[in-house]
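Could you pull up the model and follow along with me? Here are my notes, point by point.

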Amino acid sequence: MSTPYAAEKLIAQARQLAADYRRTMGKPLPGVSNEIAEHDAIRLLGLEPAPETDAAWDAVDPESGYRIQIKSRTIFDESKGGQRIGQLKMSQDWDAVLLVLMDENYEPYEIYQAMRDDLEAFVDSSSSGRAKRGAMSVARFKILGQLVWDSVNGRQDEVWENRAD
């Protein structure tokens, strides 16, 4: 297992590589953004990583005990709408989902949290086949969730604590 310093250094290198790859190749480097997002969410929100054997969730909030899926989206052009997040694992056990929004340099600028009940209510009430499969837009996730961290103000504790009740 690597030391925390080594992990931070590797994540910084992954950010740089992913950004350089996209600028050079014109497309994102597959699989990197979610690894960076998981690392950032755990570090910025004080979460504990899930045991490697559990694929249903990525982290645990030590304060509330919530099992959390972590999703990411790198926004390269804010003027383009229709950004989508990865499919939610609706059939598995978890309590909340975090969406880490990153800029073109793979730096986080906002993290939203949505609770399972709110996401399930949307999926159940939607007539969209995509929604039924647990897929949704970034805009819809932001409506269903709440901002829990941003790069200007840091952690939004009052929102986080209200959700723990």
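**Notes on a strand and its neighbours**

1. In the pairing of strands, Ile 68 stands opposite Ala 96 in β4. Strand β3 (residues 67–74) and β4 run parallel, joined over seven bridges. Two strands pair if DSSP finds at least two bridges between them; strands themselves are DSSP runs (E, at least two residues), numbered from the N terminus.

2. Before going on: this is a predicted model, where local features need pLDDT of at least 70, side-chain atom pairs count only at pLDDT 80 or more, and totals for chains, interfaces and linings use all residues. Residues are numbered from 1 along each chain as its sequence is written, and side-chain values use heavy atoms, with hydrogens and water left out.

3. On its other pairing, β4 meets strand β5 (residues 108–115) in the antiparallel sense, again over seven bridges. Met 102 has Pro 108 as its bridge partner in β5. The two strands make a hairpin with five residues between them, and Tyr 106 in the turn has a positive phi of about 65 degrees.

4. Is β4 (residues 96–102) mostly covered or open? Mostly covered: seven of its seven residues are buried, meaning under 20% relative accessible area (exposed is over 50%, partly exposed in between; 1.4 Å probe, protein chains only). One side has Ala 96, Leu 98, Val 100 and Met 102, the other Val 97, Leu 99 and Leu 101.

5. Tyr 106 is buried too, at 1% relative accessible area, while Phe 76 counts as partly exposed at 28% relative accessibility.

Notes: Helices (H or I, at least four residues) and strands (E, at least two) are DSSP runs, numbered from the N terminus.
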